[in-house]
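Reader: I am new to this structure and would enjoy a close look at just one part of it. Please pick a part and walk me through it, along with whatever surrounds it.

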Amino acid sequence: METPSRTERPAPAPSRRRLLKGAALAAVPGALLGGTRAAAAPSAVDYPAAESQPASTSNYTRSSRPTSYPLDHVIIHVTQETYPDALAIFRDPQRAVSAHYVVRSADGHVAQCVREADIAWHAGNWDYNTRSVGIEHEAWVDRPEYFTNALYEQSARLTASVCTRYGIPKDRAHIIGHYEVPGSDHTDPGPLWDWTRYIRLVNFS
């Protein structure tokens, strides 16, 4: 990690392909405020249905969004890992990677790992990191059994909540896949992700 400074700015980091076995995430860490790493791990949640599962404070940048940066995108990811393994990766201070939320396949249970005001390192593009909320889904891009009804429904409720709270349009221009982030070399959420169904669920949630 770079030497801490008092301004937020990106710094290079290893590809998330190595960290999550080619799946949904890439980290672009930033220098952290106040001359130290992010302060105490979050103890609360922004989405009432979520459980707090804080990422390591080494794996995201403290901020005050939407004051510091506008929020105008939700980015959909697939973990290529089990739910507990994804949470463990985010807790590991050596990984330099995180997302705001992880949704469990079996029942749609939602964990919040980074507060929405803070910048998770998930998109592989610093500009998009600053402007987005990243949602991971416990799944593999080539295993359809992980894309359960519960996962779609609970994720859509989460995305609808985020969009409503920040005035983000509930459409495909603003709810995008990791593969649509400029400069991304990732394919998630993959061809099995049903975008038509998902956007419909978001709009009816």
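Author: Let us start at Gly 167, which sits just after helix α4 and takes a positive phi of about 70°. This is a predicted model, where local features need pLDDT of at least 70, side-chain atom pairs count only at pLDDT 80 or more, and totals for chains, interfaces and linings use all residues. Residues are numbered from 1 along each chain as its sequence is written, and side-chain values use heavy atoms, with hydrogens and water left out.

The part to look at is α4 itself, residues 149–166. Helices here are DSSP runs of H or I with at least four residues, strands are runs of E with at least two, and both are numbered from the N terminus. The expected span of a helix is 1.5 Å times one less than its number of residues. For the 18 residues of α4 that gives 26 Å, and the end C-alpha atoms are 26 Å apart, which agrees.

Now to what α4 hides. Its buried residues are Ala 150, Leu 151, Tyr 152, Ser 155, Ala 156, Leu 158, Thr 159, Ala 160, Ser 161, Val 162 and Cys 163. Buried means under 20% relative accessible area, exposed over 50%, and partly exposed in between, with a 1.4 Å probe and protein chains only. The cover over these buried residues includes strands β3, β4, β5, β7 and β8, together with helix α5.

Helix α4 also feeds the largest nonpolar core, giving seven residues, the largest share. Such a core is a set of buried Ala, Val, Leu, Ile, Met, Phe, Trp, Tyr and Cys residues joined through side-chain atoms within 4.5 Å. This one has 30 residues, and Tyr 101, Leu 158, Ile 175, Trp 193 and Tyr 198 touch the most other members. Besides α4, at least two residues each come from β3, β4, β7 and α5. Ile 175 is a good one to follow: leaving aside residues up to four places away in sequence, its contacts include Thr 159 and Cys 163, as well as Tyr 198, Ile 199 and Val 202. Contact here means heavy atoms within 4.5 Å.

That brings us to the neighbour, α5. Two packed helices are described by the angle between their axes and the distance between the axes. For α4 and α5 the angle is about 50° and the axes are 8 Å apart. The axes are lines fitted to C-alpha atoms, for helices over the stretch in contact, and angles run from 0 to 180 degrees between N-to-C directions. Angles under 35 degrees count as roughly parallel, over 145 as roughly antiparallel, 65 to 115 as roughly perpendicular and the rest as oblique, so α4 and α5 are oblique to each other. Their crossing is right-handed, which means that the near helix is turned clockwise from the far one by less than a right angle, where anticlockwise would make it left-handed.

Where they meet, α4 brings Asn 149, Tyr 152, Glu 153, Ser 155, Ala 156, Thr 159 and Ala 160, while α5 brings Arg 197, Tyr 198, Leu 201 and Val 202. One last residue to find is Phe 204, in α5. Phe 204 is exposed, at 73% relative accessible area. From Ala 156 to Phe 204 there are 48 residues in sequence, but the distance in space is 8.9 Å, C-alpha to C-alpha.
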